[in-house]
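Student: I'd like to go through this one and ask how each label is earned. Can you take my questions one by one?

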Amino acid sequence: MAGYISIRNLSFSYKDDQKEQQALKNINLEIEKGSFVAVLGHNGSGKSTLAKLLSAILVPDEGEIVVGGLKVSDPELSEEDLLELHRRVGMVFQNPDNQLVATVVEEDVAFGPENLGIEPKEIRRRVDEALALMGISEYARHAPSKLSGGQKQRVAIAGLMAMLPECMIFDEATAMLDPSGRKEVMATVLKLNKELGITVLHITHNMEEAAMADRVVVIDDGQVLLDGTPEQVFSKVQTLQAVGLDVMQCTELLHELACCGLPFPEGVIDEEQCARLIYEYYMKTVKDKK
Amino acid sequence: MSEYAISFRDVSYVYGEGTPFFKKALDHVSFDIKEGIITGIIGHTGSGKSTLLQMMNGLLSPHKGQVLVKGNAIGSKALSKRDAAFQVGLVFQYPEYQLFEETVFKDIAYGPKNKGLGEDEIKERVKEAIRFVGLSEDVLEKSPFELSGGQKRRVAIAGVLAMRPEILVLDEPAAGLDPRGRTEIFGNIYNYQKRTGTTVIIVSHSMEDMARYAEELAVMSDGKLMMHDTVRKVFSQRDLLESIGLDVPGITPVIERLRALGMPIKEDIFTVEEAREELLRLLKGGSTHA
């Protein structure tokens, strides 16, 4: 069965007068409706290009992309289909200051549904609901410029939620935030996925965030390098490090101990479990010595 | 001469005095930053870190109190603002947006040229600076806009290094970079510090990076200095850090859990390397460091 997002034999190159640079090579991916997929890759690996292709900002050289039944890769995509795609699939970018348009938070959130030609009463209802969902109702009449980075990103997400999307793509949406801003945004992402069933594609190079997903896809040099559960992907410590990525510190610790000959598993992404495994082994060896 | 690179003496600063946006950015801050080491400054967004940084080279002047560079107050007869700007090199966040010259060489040479240095001296400094940031001399004749994001960042840092500042101040030098990019930038700065003995002050949100590279940490919250101590002492205050929106390195909760379970493990462990050595000692009865 085809997923909500279906990518087949996708290739894309950036071209200018002098040279051609291939950004994606023959990508095949099926993303299930309602899933939470993290896309990992170093700067320049092609992950943001993928996001731009999914939202029809770019058109592929080869292959096909279907999102929720709409053939996004079609260069002749009609104006109506494009509008429908942008209603269904919301994108949140890295810089919180580049995606807010209004001078008042609630007007910013209303911008999307207004453009869809929705009647004012319904817009009001959706805006209030989206603000409440993001926990920013109290800032409804504030200027976005006075908010923190995490709050700004939540305003951007609320603006997309007011269009009732089916899918959200986060393109390094936490990269410019401090630790508490990151936590704020990730709690929101989980809520959208787990409670509202929204399909989430989270592009990041933060390993803790990727570990929260159901599935992790690692892109390197324009190709899919690894694809699996976080446990499966993060058990490949050497592969990840070789392509300039990293793993969580608890995963790295058990990996290094295993490399020194101790019997610890790879791919442990939970700090509590990491501590328990070490403790159990310690108790066993201490007993053996007695 | 003072043994301190930069001293804050009861410094206060407010934004928007007399308006509804009144905010105390710095509130009676006093501390001394030691010479010849890397000091980290941590704090959530809006905690006053950036205000603090901009005062270190006279870009902002305190409303109350004094900022001293090597014992001389900025703006006093002994140290004009212009001299302070030459002594203290400040690298802003996302400095690559400030590149503007036709070639990388001209961009790095811009500061030394303004300082009135001779051509040979400028050439030597540009070459030295580009080496420090790990780029080859081949890029010097390229346009900065042909480079990748990570390379542009290094060129911007090289522009400040070419001024040979006695004190180097960097605001989030690794923001937005992938794990390898982070390690490279921090590695460059660390080696530069070791080789030249320059005092380095870094703002970062990554507690893992701070644990690895900094010697002392200053912790800011709501315009106040909460702590200023060695990295070990600061990270042992996990509750306080979490209460002001900060974190400890990812390995620290694992170590705390092991101690709580009753394992006789050292408590001041903040990097994976330290954890590995300590656990190998406990689990194998000796290090097998390869």
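Tutor: Sure, we'll take the labels in turn and set each value against its cut-off.

Student: Before the labels, what kind of model is this, and how confident is the predictor in chain B?

Tutor: It's a predicted model. Chain B has a mean pLDDT of 91, and 98% of its residues reach 70 or more. For the complex, the predictor gives an ipTM of 0.83 and a pTM of 0.86.

Student: Which residues of chain B have a pLDDT under 50?

Tutor: Residues 286–290 of chain B stay under 50, and the model has six contacts for them beyond four places in sequence.

Student: How do you know whether the size of chain B agrees with a compact globule?

Tutor: Compare two radii of gyration. A compact globule of 290 residues would come out near 19 Å, and chain B has 21 Å, so the two agree. Its C-alpha trace spans about 65 × 50 × 40 Å along the principal axes. For chain A, that trace spans about 75 × 50 × 40 Å.

Student: What makes up each chain in terms of helices and strands?

Tutor: Chain A has 11 helices and 10 strands. Chain B has 11 helices and 10 strands too. As for burial, 47% of the 290 residues in chain A count as buried, and the figure for chain B is 45%.

Student: What share of the contacts joins residues at least 24 apart in sequence?

Tutor: In chain B it's 62% of the contacts between residues at least 6 apart. In chain A, counted with a separation of 6 or more, it's 63%.

Student: Why is Asn9(A) called exposed?

Tutor: A residue is exposed if 12 or fewer other C-beta atoms lie within 10 Å. Asn9(A) has 12 such neighbours, so it counts as exposed. Asn9(A) sits in strand S1 of chain A, residues 5–15. Its phi is positive, near 50°, though Asn9(A) isn't a glycine.

Student: Then why is Arg164(B) called partly exposed?

Tutor: Buried takes 20 or more neighbours, and exposed means 12 or fewer. Arg164(B) has 18 other C-beta atoms within 10 Å, so it falls in between and is partly exposed. You'll find Arg164(B) in the loop between helix H5 (149–161) and strand S7 (167–171) of chain B. Arg164(B) also has a positive phi, about 45°, without being a glycine.

Student: And what makes Met227(B) partly exposed?

Tutor: Met227(B) has 17 C-beta neighbours inside 10 Å, so the label is partly exposed. Met227(B) lies in strand S10 of chain B, residues 224–230. Leaving aside neighbours within four places in sequence, Met227(B) is in contact with Val219(B), Val234(B) and Gln237(B).

Student: What makes helix H1 of chain A "mostly covered"?

Tutor: Count the buried residues: six of the eight in H1(A), residues 47–54. They are Lys47(A), Thr49(A), Leu50(A), Ala51(A), Leu53(A) and Leu54(A). After H1(A) comes Ala56(A), with a positive phi near 60°.

Student: How many residues of H10(A) are buried?

Tutor: Nine of its 11, and H10(A) is mostly covered as well. Among the buried ones are Gln249(A), Cys250(A), Glu252(A) and His255(A). Just after H10(A), Gly261(A) takes a positive phi of about 95°.

Student: What makes the crossing of H3(A) and H5(A), and which way does it turn?

Tutor: The axes of H3(A) (residues 105–115) and H5(A) (residues 149–161) come within 7 Å and cross at roughly 40°. The crossing is right-handed. H3(A) brings Val105(A), Asp108(A), Val109(A), Phe111(A) and Gly112(A), and H5(A) brings Val155(A), Ala158(A), Gly159(A) and Leu160(A). By class that's six nonpolar, two polar and one charged residues.

Student: Last one: what makes up the side of chain A that touches chain B?

Tutor: 34 residues of chain A are in contact with 36 of chain B. Helices H6 (179–196), H10 (249–259) and H11 (271–289) of chain A each give two or more residues to that side. H11(A) gives the largest share, nine residues. Sorted by class, that side of chain A has 16 nonpolar, 11 polar and seven charged residues.

Terms used
Residues are numbered from 1 along each chain as its sequence is written. Chains are lettered from A and ligands numbered from 1 in the order in which they are written. This is a predicted model: local features need pLDDT of at least 70, side-chain atom pairs count only at pLDDT 80 or more; totals for chains, interfaces and linings use all residues. Two residues are in contact if their C-beta atoms, placed from the backbone, lie within 7 Å. Helices (H or I, at least four residues) and strands (E, at least two) are DSSP runs, numbered from the N terminus. Ala, Val, Leu, Ile, Met, Phe, Trp, Tyr, Cys and Pro count as nonpolar, Asp, Glu, Lys and Arg as charged, and the others, Gly among them, as polar. The radius of gyration is taken over C-alpha atoms; the globule rule is 2.2 Å times the number of residues to the power 0.38. Axes are lines fitted to C-alpha atoms, for helices over the stretch in contact, and angles run from 0 to 180 degrees between N-to-C directions. A crossing is left-handed if the near helix is turned anticlockwise from the far one by less than a right angle, and right-handed if clockwise. pLDDT is the predictor's confidence in each residue, from 0 to 100.
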